[in-house]
Amino acid sequence: MALPTLRQLRCALAAFETGSLSATSRRLRRAPATLSVQISTLESVLGAKLFGRYVGGLVPTAAGRQFEPIARQILSELGVALRRIRDPVAAPLEVVAVGLRLAGPGSSARDAVTEAAAKLALSRPWLQLRAFSPGQGAWAAQSGFMLEASEAPEDLIEQWVLAGPANGADGVGIPELPPSFVQGALAQAQVCGLAPVPLGVTPDRLDDLPRPWRRPVLLPSLLLPGWLRESKAELTLLPPLAGGPGWRLLTSAQDDILMAALTEAFRGNIGAAALRPRAPEPAYMAVEREHLDTFEAAWRHASLTRAARELGVAQPAATLRLRHLETELGQRLFHRHPHGLTPTAMGQSLAPAATALLHDLARLGPSLTRPREQVRAGCVPALDEMSLLADVVARSAADWNQRFPHRQLHLVEGLSQELRRMVLNSSIECAFVDNDAVQPGLVVRPITREKLVVVTAAGAGLLPPGPVTLRTAASLRLALPGRHHGLRWILDRGAAQAGLDIVPAAEIDSLATTIRLVKSGGWATLLPIGAVRGALAQLQVNTVIEPALERQICLVRRHGEGLRAETLALVDLFAAHMAAALAEVAD
């Protein structure tokens, strides 16, 4: 299956920001014809039209507006992963969300977040600022920041921009703005001596209006869209109104340095800065999809010969790709020996990011072309058909189908970390995951709790009957999932509370394989009680105490975006069946 290239994604994102091929050409320093071919090829690979081509420029389609934030996040996550390998950082990655309502691609508000991130990169290389567009119902970013309109701002007083010539105009267009800005817009129109005319679209959707415009448009400078900044339209900066309106930066984080950096960046991008030409596109590492394709296949097969055979390229070409990637990162990714390849520590660190990128690229096209009547959700994997989770999901799907016989349900199975990324990327609407970790851009809603137990073979005599402490369980020969697994996150958190460092004898993500290993004798694992209810005759189960461990089944969805009625019905059915099943297990 053909996958988009990173070069195609960057071309399309630049076109979203500039609104025309000529402006994109100047920004990326490539010929317009080359960019046109790149975007057309990308649309062909995705099976969806991203832009409408008009005399006035490029206008995103519905699929294009869906594509833009997904592609931007894919490239952002990959860029962070590559930089952390090129410039090794010991501290774990910290992602901070910055909510920018109505600020479209290329707007001055988004430039401010980029500038703040660049300034903080020297002192906090582990920090990543990620701008996102919350829905109309969201008011603050979870574990992050939100730029909110205010009638009485403290220091972020906005200035208005008149886009288009005012001479001879019969009025001025006013887009849909936050309530705090409406009176300011009307007052500014009165100062200009122009009658206000509602446009019926928000600032980030002005490109939906036919061009050229019949009258000028009045906009707050921070919300001036990128394509308008790059165009040849006449932009006039108006004097600020006394007493506002403006902006407030809201946060749930206690970080004065980060707050000061963001405030300074937003202040510096209000007014005249919004009218200046945007900075050239930053230089990217010369890493393309084929380099990561080759690395991922070589990592998976532990052999460059088998990787080249799978990709359908000659081995010398695969070797050149791998060497190019190592040169760009300045790190050795594999140890070469006569029997194949062994990943270095840096290669092992890159593998999850490369795998995630390829999976995201493969899902990008289907996520744009899925039918509207389809509901897409995700769930962590069940152990087998007898487990509690499998029973709950099956009952929920059957009841949902009876309620919505003309709708299609698509349930995706994956680990919690992968499902969360799919929700953020809009590949699925929501997911049922097995940890309650807070993550920027997501709303996490607890559904129910399920006890974790120590599981050993019946008759093995590894543990006496009754509850056992986590310290006792840690002394056994354990088979546990890897650290990226949601269950392992719960175990590590409980171990930290007890002052323990659990080191398993084997890390196995497959729960079915782990249970088979435990049944052979001499091994133990920790699992939710419902996961082993179908095999209790062959297993011994001990409750964990000091501390008690629980798996919290949670719903995750994108922050500020409400779920459709059909999706909410699925969530309600899942919660009801889960509660009933857990009550049966308790009895």
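These are my notebook entries on helix packing, strand pairing and backbone details in a predicted model.

**Entry 1: H1 against H4**

I started with helix H1, residues 6-18, and helix H4, residues 62-86. Their axes come within 10 Å and cross at roughly 125°. That angle makes H1 oblique to H4. I also looked up the hand of the crossing, and for H1 and H4 it is left-handed.

Which residues make the contact? From H1 I noted Leu6, Leu9, Arg10, Ala12, Leu13, Phe16 and Glu17. From H4 I noted Gly64, Arg65, Phe67, Glu68, Ala71, Arg72, Leu75 and Leu78. I then sorted the contact of H1 with H4 by class: 9 nonpolar, 1 polar and 5 charged residues.

**Entry 2: Ala71**

I picked one residue of that contact for a second look. Ala71 is part of helix H4. Is Ala71 buried or exposed? Its relative accessibility is 0%, so Ala71 counts as buried. The cut-off for buried is under 20%.

I set aside neighbours within four places in sequence and listed what Ala71 is in contact with: Leu9 and Leu13. Both of these appear among the H1 residues of the helix contact. Ala71 and Leu13 are 58 residues apart in sequence. In space their C-alpha atoms are 7.7 Å apart.

**Entry 3: H10 against H11**

Next I took H10 and helix H11, the latter at residues 315-329. They pack at an angle of about 105° with axes 9 Å apart. H10 and H11 are therefore roughly perpendicular to each other; the range for that label is 65 to 115 degrees.

On the H10 side I listed Leu304, Thr305, Ala308 and Leu311. On the H11 side I listed Gln315, Ala318, Thr319, Arg321 and Leu322. The contact of H10 with H11 divides into 5 nonpolar, 3 polar and 1 charged.

**Entry 4: Ala302, just before H10**

I checked the backbone in the loop between helix H9 (289-301) and helix H10 (304-311), where Ala302 lies. Ala302 has a positive phi of about 55°, and it is not a glycine. Most residues other than glycine have a negative phi. How accessible is Ala302? At 30% relative accessibility, Ala302 counts as partly exposed.

**Entry 5: the turn from S23 to S24**

I moved on to the loop between strand S23 (539-545) and strand S24 (550-558), which holds Pro547. What kind of peptide bond joins Glu546 and Pro547? The bond is cis, with omega about -5°. Most peptide bonds are trans.

Glu546 lies in the loop between S23 and S24 too. Phi of Glu546 is near 50°, a positive value in a residue other than glycine. Glu546 has 60% relative accessibility, so I recorded it as exposed.

**Entry 6: the five-stranded sheet**

I traced an open sheet of 5 strands in the order S4-S3-S5-S12-S6. Its pairing is mixed. Which strands are the edges? They are strand S4 (127-132) and strand S6 (156-157), each pairing on one side only.

Inside the sheet I looked at strand S3 (residues 94-100) and strand S5 (residues 144-150). They pair in the parallel sense over 4 bridges. One residue I followed was Ala97, whose bridge partner in S5 is Gly144.

Helix H6, residues 179-192, packs on this sheet. H6 touches S5 and strand S12 (246-251). The direction of H6 makes about 35° with that of S5.

**Entry 7: S7 with S10**

Strand S7 (residues 160-163) and S10 pair in the antiparallel sense over 4 bridges. I looked up the partner of Ala163 in S10 and found Val217.

I then checked the faces of S10, residues 217-220. In a regular strand the side chains alternate between the two faces of the sheet. Val217 and Leu219 are on one side of S10, and Leu218 and Pro220 are on the other. All four are buried, and both faces of S10 are covered.

**Entry 8: Ser396**

My last lookup was Ser396, which lies in helix H13 (residues 388-403). Its relative accessibility is 2%, so Ser396 counts as buried. What does Ser396 touch, not counting residues up to four places away in sequence? I listed Leu570, Leu573, Phe574 and His577.

Key. Residues are numbered from 1 along each chain as its sequence is written. This is a predicted model: local features need pLDDT of at least 70, side-chain atom pairs count only at pLDDT 80 or more; totals for chains, interfaces and linings use all residues. Side-chain values use heavy atoms; hydrogens and water are left out. Axes are lines fitted to C-alpha atoms, for helices over the stretch in contact, and angles run from 0 to 180 degrees between N-to-C directions. Helices (H or I, at least four residues) and strands (E, at least two) are DSSP runs, numbered from the N terminus. Angles under 35 degrees count as roughly parallel, over 145 as roughly antiparallel, 65 to 115 as roughly perpendicular and the rest as oblique. A crossing is left-handed if the near helix is turned anticlockwise from the far one by less than a right angle, and right-handed if clockwise. Contact means heavy atoms within 4.5 Å. Ala, Val, Leu, Ile, Met, Phe, Trp, Tyr, Cys and Pro count as nonpolar, Asp, Glu, Lys and Arg as charged, and the others, Gly among them, as polar. Buried means under 20% relative accessible area, exposed over 50%, partly exposed in between (1.4 Å probe, protein chains only). Two strands pair if DSSP finds at least two bridges between them.
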